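Trainee: I'm new to this structure and would like a close look at one part of it, the packing of the interior. Could you walk me through that slowly, and then show me what lies around it?

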Amino acid sequence: MKTTRLILVGGFLGAGKTTLLWEAARRIMERGQRIGLITNDQAPELVDTAILSHNEVKVAEVSGSCFCCNFNGLISAMRQVRDDANADVIIAEPVGSCTDLSATIIQPLRENMGGELIISPLSVLADPERLEDILNGGNAGLHQSAAYIFRKQLEESDIILISKADLLKPNDLVRLKEKVNLNFPEIEVMTISANTGDGVDEWLNEVLNRTDSGKRLAEVDYDIYAEGEAALGWLNSTIELHGQQADWDVFALNLMHSLSRQFDSRKASVGHVKIILEAGDNFLTGNLTGLVSTLNFGGSAGTGSEAMLTLNARVEMSPKDLEQIIRQTLDECTKGNFTMEIRALRCLSPGRPRPTFRFDHLVPVNLL
Ligand SMILES: Nc1nc2c(ncn2[C@@H]2O[C@H](COP(=O)(O)OP(=O)(O)OP(=O)(O)O)[C@@H](O)[C@H]2O)c(=O)[nH]1
Ligand SMILES: [Mg+2]
C-alpha cells in the first residue's frame with residue numbers, strides 16, 4: 001500500500017490557513033509531488049473549497065461537522081483525494097474554531113491507518129496581532145472562551161507558525177517570536193508569510209520530512225471549548241446574482257464594507273467573513289478578520305451579467321441576528337441594480353464538540 005503524507009494546518013479563524021494551503025500546494029507541485037487538499041466546515045457552501053478549486057488541485061470537503069466529530073468523514077476524504085489525485089501529500093485544514101486535534105485526530109489516525117499514512121508535525125498558524133494580545137493575557141477581541149480555544153491550539157501544536165509576517169517590522173517579528181518561545185519553550189516556532197513567500201519553503205522542508213507529529217496532548221475543558229464555539233454565529237450561503245454590465249468588484253467592495261460597518265457598530269467580534277465572487281473564469285475574494293482595517297480583496301470578477309457569490313461569516317452574535325444582518329445588507333447592496341436568488345443559506349451556532357475518538361495517551365510513531 002502506498003503511503004501518503006498528511007499535513008494538518010490548524011489555527012484560529014482567519015489565521016491564514018487557506019492562503020498557506022494554496023501557496024504550499026503550488027510549491028509542492030513544483031517539487032514534483034502530487035497533492036490533494038481537504039477543507040472542513042460545520043456546513044456546506046464553502047468559500048475555502050471554491051478558492052482552492054481554482055488551483056487545479058484535487059480538493060475534497062468534509063462539511064457538516066469538524067474533522068474530530070466526523071473522523072470517518074476525514075478518512076473517506078483522505079482516501080478520495082489519495083485515490084483520485086494519486087496524492088503523495090495531503091494537506092488538511094480543520095475548522096478554525098477546532099482544537100484538541102492531537103487527541104482526536106492525530107493519535108486515532110496513527111492507530112487506525114497504520115502503514116497508509118505518515119503524519120507531519122501539527123502546524124498551527126497564529127495571526128500576529130491576535131497572538132500578541134493573547135500572550136499579553138488578553139482575549140484578542142474574542143469571547144474569553146473563544147480565546148481559550150486559541151490558546152489550546154497553540155499548546156497542542158508541534159510547530160507554531162506566526163503567520164502574516166509581512167505585516168510586522170522585522171524587529172517586532174523577532175520580538176514576538178522570542179515571546180512565543182518563552183511561553184511555549186518546548187514548541188518549535190517559525191514565522192511565515194504566504195503573501196511574500198517568506199518562510200514557506202523552510203516550513204515545507206520541515207513538514208515534508210518529519211514524522212514527529214502530535215507529540216503532546218493539551219488538557220481541554222470541553223465545557224469552555226463548547227462555549228467558545230457556541231459564541232459564534234455561523235452562516236454559509238451561495239447567491240446567484242444578475243445585472244446588466246454589472247461591475248462585480250464594486251458590488252463586492254460595497255457588500256464587505258457594509259457588513260463590516262454593521263458588525264463594528266454592534267461591537268460584534270468578527271472571526272472571519274469571507275466571500276468569493278465568481279463570474280465566468282474570473283473571481284474575486286474578500287476577507288474581513290476583525291475591524292474594518294482588516295478588510296482585503298484579491299483578484300477581480302470583472303463586469304458582466306451574472307455571477308455567483310459564496311459567503312461565509314463567523315461572527316460573535318446569535319445566528320438569528322447574523323442572518324438578519326446579512327439578508328438585509330444583501331438586499332441593500334443589490335437594490336435597484338441586481339436581482340439575486342439565494343441558492344442556499346445555512347445559519348447556525350456550532351453544537352458541542354463530540355469527537356469520534358479522544359485518546360488520553362500518545363500512540364508511538366513506530367507503530368507505522
Ligand atoms: N498580510 C498577509 N495577509 C495574509 C497572509 N495570509 C493570509 N492573509 C490574509 O488573512 C485573511 C484570512 O486568510 P485565510 O487564508 O482565509 O484564513 P483561514 O485561516 O483559512 O480562515 P478560516 O478558514 O476562516 O479559519 C485573508 O484576508 C488573507 O488575505 C499573509 O501572509 N500576509
Ligand atoms: Mg480557511
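**A close look at the core**

Mentor: Happy to! Let's begin with one residue, Val180, in this predicted model. Setting aside neighbours up to four places away in sequence, Val180 is in contact with Leu131, Leu135, Ile160, Ile162 and Val189. Next to that we can place a separate, second core, which has 33 residues, among them Phe263, Val270, Leu277 and Leu309.

Now back to Val180 and the core it belongs to. The largest nonpolar core has 58 residues, and Val180 is one of the members that touch the most others, together with Ile38, Met78, Leu109 and Leu131. Helix H3, covering residues 71-85, contributes the most to this core, with seven residues. In soluble globular proteins, nonpolar side chains tend to be buried together.

Cysteines deserve a glance too. How many disulfides does the structure hold? It holds zero. Take Cys98, which is buried at 4% relative accessibility. Its closest cysteine sulfur is that of Cys68, and because the two sulfurs are 3.6 Å apart, they are too far from each other for a bond; the cut-off for a disulfide is 2.5 Å. Cys333 is likewise buried, with a relative accessible area of 14%. The closest cysteine sulfur to the one in Cys333 belongs to Cys347, but it is 18 Å away, so this pair is too far apart for a bond.

Next, let's visit the metal site. The magnesium ion (ligand 2) has three protein donors to look for: Thr18 through OG1, Asp48 through OD and Glu93 through OE, lying 2.0 to 2.2 Å from the ion. Along the chain, these donors follow the spacing T-x29-D-x44-E. Thr18 sits in helix H1 (residues 17-30) and Asp48 in helix H2 (residues 47-52), so that this pair, 30 residues apart, links distant parts of the chain. Are these two donors buried or exposed? Thr18 counts as buried at 11% relative accessibility, and Asp48 is buried as well, with a relative accessible area of 8%.

For contrast, finish with Val365, found in the segment after strand E14 (338-348). Val365 is partly exposed, because its relative accessible area is 29%, and buried would require under 20%. Leaving out residues up to four places away in sequence, Val365 touches Arg110 and Thr211. Measuring from C-alpha to C-alpha, Val365 and Asn55 are 33 Å apart in space, with their positions 310 residues apart in sequence.

How values were computed: Residues numbered from 1 in each chain as written. Chains lettered and ligands numbered in written order. Predicted model: local features only at pLDDT ≥ 70, side-chain atom pairs only at ≥ 80, totals over all residues. Heavy atoms only, no water. Core = buried A, V, L, I, M, F, W, Y, C linked by side-chain atoms within 4.5 Å. Buried < 20%, exposed > 50% of the residue type's maximum accessible area, 1.4 Å probe, protein only. Helix = DSSP H or I, 4+ residues; strand = E, 2+ residues; numbered from the N terminus. Contact = heavy atoms within 4.5 Å. Donors = N, O, S within 2.8 Å, 3.2 Å for Na, K, Ca; no water.
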